Amino acid sequence: MIIPVASCKKFLEEKPQSIITEDNFYKTESDAIFGVNSIYYLLNAGGASEQTPYNTLFSTGMDMATDDVDPGPGAVNADVRSFSVLAHTSSNRTVFQLWQQHYAAVVKANVALAKIPGINFDPVLKARLLGEARFLRALYYFNLVRLWGDVPLVLEYNANGITASDYATGRTSSTLVYAQIEKDLEDAAAVLPDSYGSPDVGRATKGAALALLAKVYLTEASLPLNITTKYGLAVSTALQAMSPAEGGSGGFGYALQQNFSNVFLPAFKNNTEHIFSAQFKSNSQSQGNNQCARAIFNGVPGLSGSYSEQVRFYTKGTDNYFSVFKLYQAGDKRKQGTFVTKFVSPTSGQAVALKISNPAVSNDSTPFFNKAWDPSAVALTSESAANVAILRYAELLLIHAEAENELNGPTGAAYASLNKVRNRAGLPALTAGLSKEQFRDSLYLDRRLELVWEYQRWFDLIRQKDASGKSIFVPSLHVVGKTNAQDYHRLYPIPLNELSVNPAIKQNPGW
């Protein structure tokens, strides 16, 4: 694993007391809080030259390879464009950034877990901070194991590490990585609070640990591991986080927002549907969500937009501009909360749209992703305060419905959880009497439409299956014209940079 190290002569000649290290930093309660905050930082840090997983990097290094998203005209980076058509290699910069960012966060979590126990301060707060560190380490490893499969499982702080070779370690089987993720989340759930007051709203809670654990179990039960015994654990754990109104036993106050758009608008952030989100703040030392500007057409007077992301257009029948936008049923409220087809100029008041040439549908217009929109950040759209939902209640209901269907078939409980999500969208209850396979396909579609542009689609493509039990990954991408897709693409290549410094690690098959 590559760990940045300083090596210049001047640095080595500095007096030891002038250097802040892990050993001389972790001394007080404030140090412990700051150390855990630094683990959160790698979820969403941004700025002109920085990307982190939930602030653009999952877009350029994951979403754009799906059947929903493509690079827009403003995306000129060759690595991003090659990735979007699955023509990337192990030297792709976005692949390396994802690997590096996740392991940098794991290292920070390991340091906190090693150092905080030795500090003398309030034991309840200490237990909470350790729980947060375990939750975050589990989240980062959950992303790593889904993207790369077997990965190095590093759980200890290496106080003597000097060069990259000191950190070289081989890959651990994904089943053992998942076992550690489960343990971290179980330990976190045992000590984390149900909720927080200001200014700590947004930190990991017990409900978040349980919801993420349910998602982990569902993922293990799905492809490629296919450990179907985990479906039962996914159901029971989801019920522990779900509210009594939906048949659960959780006391966390989770509930769907009646207005779908309110889930994402900054004015309603951290609402009852929020379980765990990457937190953003507008116009405050580059703490904004950069995704907003990337989805805005760059021809709107008064709006700064790069139009670096767009829907994936493909041909269906006579329509050469079909996309996920057109999969929504008439009356589905999620469509208008997920997309806009025009922007209103804040300077001229003019409505600006991007019409489609020679459309198969009359007056067809280009749809733009809208879940990162911040009405109060019009002057600087790259500093949106819109949070990125990592876990929200609608997804927890879908997790429960999917796992219940796989375990027991389309029971009343499975229908109830799925219909709760559909009804909020303004859709009727799902047709009764479906087979397990029919219910699964319907749920997959609702999940796709519910979670568009929330960094979920790739992870669903690599785990979901058709009626025969085969992966939907390659067929789904081929349908939209991403014909480079092969089964080996379900796992990312180990970055070339990592292979060059870590002799203990081997490349994934096919790369």
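**Close-up views of a predicted model**

**View 1. Helix H3 from end to end.** H3 packs 16 residues into a span of 24 Å, first C-alpha to last, close to the 22 Å expected at 1.5 Å a residue. This is a predicted model, so read every view with that in mind. Which residues of H3 are buried? Asp-31, Ala-32, Gly-35, Val-36, Ser-38, Ile-39, Tyr-40, Leu-42, Leu-43 and Asn-44. Their cover includes helices H2 (22-25), H6 (93-115) and H7 (123-148), along with S2 and strand S10 (388-392).

**View 2. The second largest pocket, with H3 in its wall.** The volume here comes to about 680 Å³. There are 24 residues in the lining, and those nearest the centre are Tyr-40, Asn-44, Gln-279, Phe-280 and Gln-287. Helix H3 (29-44) and strand S2 (274-278) each put in at least two lining residues, with H3 giving the largest share, seven residues. Two of the residues nearest the pocket centre, Tyr-40 and Asn-44, are also on the list of buried H3 residues. Sorted by class, the lining splits into ten nonpolar, ten polar and four charged residues.

**View 3. Phe-135 against Phe-276.** Searching the whole structure turns up 31 aromatic pairs. One of them joins Phe-135 and Phe-276 edge-to-face, with 4.9 Å between centres and 70° between the planes. Phe-135 sits in helix H7 and Phe-276 in strand S2, so this pair ties together parts that are 141 residues apart in sequence. Buried or exposed? Both rings belong to buried residues.

**View 4. Trp-458 against Phe-473.** Here is another edge-to-face pair, at 5.3 Å centre to centre and 85° between the planes. Trp-458 belongs to helix H16 and Phe-473 to helix H17, so the link is between parts 15 residues apart in sequence. Trp-458 is buried at a relative accessible area of 0%, and Phe-473 is buried at 0% too. Zoom out a bit and ring pairs connect these two with Phe-83, Trp-99, Tyr-103, Tyr-141, Trp-148 and Tyr-492 in a cluster.

**View 5. Lys-465, a buried lysine in a loop.** Look for Lys-465 in the loop between helices H16 (457-461) and H17 (473-479). How can a relative accessible area of 13% be called buried? The cut-off is under 20%, so Lys-465 makes it. Leaving out residues up to four places away in sequence, Lys-465 touches Leu-223, Tyr-231, Glu-406, Arg-440, Tyr-444, Lys-470, Ser-471 and Ile-472.

**View 6. Two cis peptide bonds before proline.** Most peptide bonds are trans, which is why these get a view. Ser-198 and Pro-199 are joined by a cis bond with omega of about 10°, and Pro-199 sits in the loop between helices H8 (174-191) and H9 (206-221). The bond from Leu-223 to Pro-224 is cis as well, with omega near 5°. Pro-224 is in the loop between H9 and helix H10 (230-241). Leu-223 was also listed in View 5, among the residues that Lys-465 touches.

**View 7. Positive phi at Asn-363 and Tyr-455.** Most residues other than glycine have a negative phi. Asn-363 has a positive phi, near 60°, and lies in the loop between strands S8 (351-352) and S9 (368-369). Tyr-455, also not a glycine, has a positive phi of about 60°, in the loop between helix H15 (436-450) and H16. Which is buried and which exposed? Asn-363 is exposed, with a relative accessible area of 63%, whereas Tyr-455 is buried at 5%.

Conventions. Residues numbered from 1 in each chain as written. Predicted model: local features only at pLDDT ≥ 70, side-chain atom pairs only at ≥ 80, totals over all residues. Heavy atoms only, no water. 1 Å grid on protein atoms, 1.4 Å probe; cavity = no way out; pocket = protein on both sides within 12 Å on 5 of 7 lines; lining within 4 Å. Points joined across faces, edges and corners; volume = space filled by probe spheres on them. Helix = DSSP H or I, 4+ residues; strand = E, 2+ residues; numbered from the N terminus. Nonpolar A, V, L, I, M, F, W, Y, C, P; charged D, E, K, R; others polar. Expected span 1.5 Å × (residues − 1). Buried < 20%, exposed > 50% of the residue type's maximum accessible area, 1.4 Å probe, protein only. Contact = heavy atoms within 4.5 Å. Phe/Tyr/Trp six-rings, centres within 6.5 Å; stacked < 30°, edge-to-face > 60°.
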